[in-house]
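Me: I would like to go through the strands, turns and backbone details of one model. Please keep the replies brief.

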Amino acid sequence: MKVTMAMVIRVFLLLLVSFYSIPSFAIYEDQVGLMDWHQQYIGKVKQAVFHTQKAGRKRVVVSTEENAIASLDLRRGDIFWRHVLGSGDVIDKLDIGFGKYVFSLSSGGSILRAWNLPDGQMVWESYLQGSVSSKSILCIPSSLKYGKDNIILVFGMGSLHAVSSIDGEVIWRKDLAAESLEIKQVLQPHGSDVVYAIGFVGSEFVTYEINARSGEVLKRTSKTFPGGFSGELSYVSNDMLVALDTTGSTIISIRFGDGQISFHQTAISDLIENFSGMASIFPSKLTSMVALKFNSVIVFVRVTGFGELEVVEKIDSPAAISDPLSVSEGQQAFAVVQNGESKISITVKQANDWSSGNLLKETIVMDQQRGNVEKVFINSYIRTDRSYGFRALIVMEDHSLLLLQQGEIVWSRDDGLASILDMTTSELPVEKEGVSVAKVEHSLLEWLKGHLLKLKGTLMLATPEEVVAIQGMRLKSSQKNKMTRDHNGFRKLLIVLTRAGKIFALHTGDGRVVWSLLLPAFKKSEACPNPTGLNLYQWQVPHHHALDENPSVLVVGSCGGSEAPGVLSFVDTYTGKELDSLTLGHSIDHIIPLPVTDSTEQRLHLLLDRKGHAFLYPRTPEALKLCQVELPNIYWYLIEADKDIIRGHTLRKTCNFEGADEYCFDARDLWSIVFPSDSEKIVATATRNLNEVVHTQAKVVDHDAMYKYLSKNMIFVATVSPKGAGEIGSATPEESSLVVYLIDTITGRILHRVSHHAAQAPVHAVFSENWVIYHYFNLRAHRYEMSVIEIYDQSRAENKDIWKLILGKHDLSSPISSYSRPEVMVKSQSYYFTHSVKTMAVSSTAKGITSKQILIGTIGDQVLALDKRFLDPRRTPNPTPAEREEGLIPLTDALPIIPQSFVTHSLLVEGLRGIVTIPTKLESTSLVFSYGVDLFFTRIAPSRIYDSLTEDFSYALLLLTIVALIAAIFVTWVMSEKKELNEKWR
């Protein structure tokens, strides 16, 4: 009977192992969204065109500063379709033509594309020739035909083109760049076959009359204006334009009809009292009216006749003006949006009849964190009473997009998240202890119900409704959206800084915006006319004795160029409130976070200006004392990429210029490396993450220990020959080479140098522990390559003696000085790689035990996770048994691309720019955040999850197995007892 009981136990153990030991290489469809999220954006809108004439989907087509073309649902703001062009393919103009096409002009007027309006498919693409860069103009006449084909007029690259709307073929081209003509307007009067190209040649006003069907120049007319011209031309009627002179103080009325050109001057001071400064023409297309802007004031001037001007309205507060909209025959309307304290007012006026009153006037409450309105686009619709209603699409200072209608915000989009400059993380608050008994009982009941449902699902007994309930419980039970820390360290805040100077806090659970702040210190003002955000740093991270303090971040920016004063802002990461802000009296060229914190856990920072001075923050006596202690250990380097020079610096003493205080230090040059500019140009650098944790200093190779060279003062530098710095294919294999260096930044010593002949930029690199991996293009092989360099410390070879370890005669904790010449050994290897790369990163974990993965942002805007073992320089075609036991992979000439290794699955992170990895409390797991125009977040486990149970682990099935096992043991015990009793009675 003992044998029977043992077999029963073995059977149940086998069942238990079979349930829980099945490996998983991918995720199931119902697991999508449990550990990752994906958000799509478009960026700050530059142009918008409404399409609401026909029945069906009403939409607005937009182009953005992120070079995206998108069609948005006018009812909800969702994206119907979207295309993100390359970083160099800037969209100049956008329009809808012939009711079914979207036309985009990009790359300085050299590429014209037609997109299908309903689904966004590209119909055709046309490359336009030209000789010089110029203004880009797109004109889509409704009545101009070439046979049965509609003609599109495009001016770009100094040439005027007539393009077929059917296939994009260039019908004719007229080069207007020969005499340095600066074209400002291309006009085609309705019903006419003549095209007017109007512009300036210095102080000369020039018009070309061109046959729209053949491209023949019918007439060229010019006339010189002694005062010259500046800025834009405003088209006010069929034969009249308005411009400004070079001083911006005189309005010039220009009549150009009937082959004659006439000028009339009107001083702005005669129209506007107390006028001062230099005016500019507001970019609008108002008929019989021109809008002038000076000193943040907008003035509307009506043109009643040649040289006859009158001021109709003056707006003193910041405002945005829309382009005119035709609401009926001969009637135009336009919108003016004015900014208030916590509201905006939108007014729709009749451009033709200013005195008849406003068509619409509304006031809308607006979140102050969105800033001022920068652009407005309007569209009309017919109300039920047959009157005209208006909707307005507005672009805010924080790059968000809102649709307004009937005095309300219909929808909004936070498209500022498409332009992230920098990011960091913040821990969430600790969960407060103490839970009511009723809540515990309710939770226990829900837990039992939930696991009974999961058990039915495992046994395939659940109904479709119960399957849906199970999936919902999975999302709810994950607790990933709570605003408190979890014991695994998965729940955090992603603090991101955008180009608009706005900070967002995103929850890692679902990507929602917890809070956002448009930094007051980065708003436009007279003192800071062009504020720009630069970087984001952790300022205060409370630990132990400072847990009552909230963590905070430091935002560093400037008020304009490199010489402009710096701006600092301190933000509470829990509340999103600005704690303090400073406008500095010096510029900011470089920021050095020091590895020292004061008693309040505030990290010390050195801010370097352009003059070689270093300023300490926070400016407290305690911080100064700590800095003076660390003064001999503070070193840094600066890369002057334009001069191909790297310089090393250290702090010397306090500054001695007038006005300096004790918190200012002078910098001293230590060393410099000057690369010959005729043969080497710096194209890429990489350093180790200062917070990286290394688990072991040694690596076992062939049963022997090799010590890693783990200096945090190393920098990887890649240089290429000048011709190799251009586009791929711009140089021959003989003209291009890549040289990489490993340099000690304390002494400037070159630790290692290797040259790759026939290699070309772009170069992307990632540095971790004692190895660096870099990606480049091999011109001779016509393929991309990835190389790896591992560096080891030979000076510690004597520490391998086991007897010294037993007797305690060695000391691995002894400090290593960069000034002692290291004995290093280098191993390297190169592999072919099939993808072009945008960015690279490496996984990071809490203790550094888990094996590393290289996260590669591909040209296809996906993120690929590649095991570091594939990039081991010791790989050979035929590994020895010892190497196979170690886990060394046999050598192949190319790195494998496994479809399941894409951490973004089938999703795209359009415009991918950066990948950030964040360690968690679980050593097996790392968080990955990738950003570009889109955002994507997920969790990865490079060595599988070995330190916790998965979230979908079936506790109910485990409990059922244990109960069944106990029942089987009890039954067999009873049977055994009966059998033994029967044998005794015999």
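Me: How many bridges join strand β21 to β22, and in which sense do they run?
Reply: Strands here are DSSP runs of E with at least two residues, helices are runs of H or I with at least four, and both are numbered from the N terminus. Two strands count as paired if DSSP finds at least two bridges between them. This is a predicted model, where local features need pLDDT of at least 70, side-chain atom pairs count only at pLDDT 80 or more, and totals for chains, interfaces and linings use all residues. Strand β21 covers residues 250-255 and runs antiparallel to β22, and the bridges joining them number six.

Me: Which residue in β22 stands opposite Ile-254?
Reply: Residues are numbered from 1 along each chain as its sequence is written, and side-chain values use heavy atoms, with hydrogens and water left out. β22 spans 262-267. Opposite Ile-254, this strand places Phe-263.

Me: Which strands stand at the edges of the open sheet β19-β20-β21-β22?
Reply: The four strands pair in the antiparallel sense. An edge strand has a single partner, so one side of it is left without a neighbour in the sheet. Those strands are β19 (230-237) and β22 (262-267).

Me: By how many degrees are neighbouring strands of that sheet turned against each other on average?
Reply: The axes are lines fitted to C-alpha atoms (for helices over the stretch in contact), and angles between N-to-C directions run from 0 to 180 degrees. For this sheet the direction is ignored, and the average is 25 degrees.

Me: Which strands flank the open three-stranded sheet that contains β61, and what is its average twist?
Reply: The order is β60-β61-β62, with antiparallel pairing. β60 (837-842) and β62 (863-867) each have a single partner strand, so each has one side without a neighbour in the sheet. From one strand to the next, the twist averages 25 degrees.

Me: Which residue of β61 is the bridge partner of Val-837?
Reply: β60 pairs with β61 (residues 853-858) in the antiparallel sense over five bridges. The partner of Val-837 is Thr-858.

Me: How many residues of β25 are buried?
Reply: Buried means under 20% relative accessible area, exposed means over 50%, and partly exposed lies in between (1.4 Å probe, protein chains only). Strand β25 covers residues 297-305 and is mostly covered. Of its nine residues, the buried ones number seven.

Me: Which turn residue between β24 and β25 has a positive phi?
Reply: Strand β24 (residues 289-294) pairs with β25 over six antiparallel bridges, and Leu-292 stands opposite Val-299. The two strands form a hairpin with two residues between them. The phi of about 50 degrees belongs to Asn-295.

Me: Which residue plays that part between β25 and β26?
Reply: β26 (residues 308-315) is joined to β25 by seven bridges and runs antiparallel. Arg-302 has Glu-310 as its bridge partner. In this hairpin, two residues separate the strands, and the positive phi of about 80 degrees is at Gly-307.

Me: Is Phe-98 buried, partly exposed or exposed?
Reply: Phe-98 is in the loop between β6 (91-97) and β7 (101-106), and its phi is near 60 degrees, positive in a residue other than glycine. Its relative accessibility is 30%, so Phe-98 counts as partly exposed.

Me: Where is Pro-618, and what is the omega of the peptide bond from Tyr-617?
Reply: Pro-618 sits in the loop between β46 (613-617) and α5 (621-630). The bond from Tyr-617 to Pro-618 is cis, with omega near 5 degrees.
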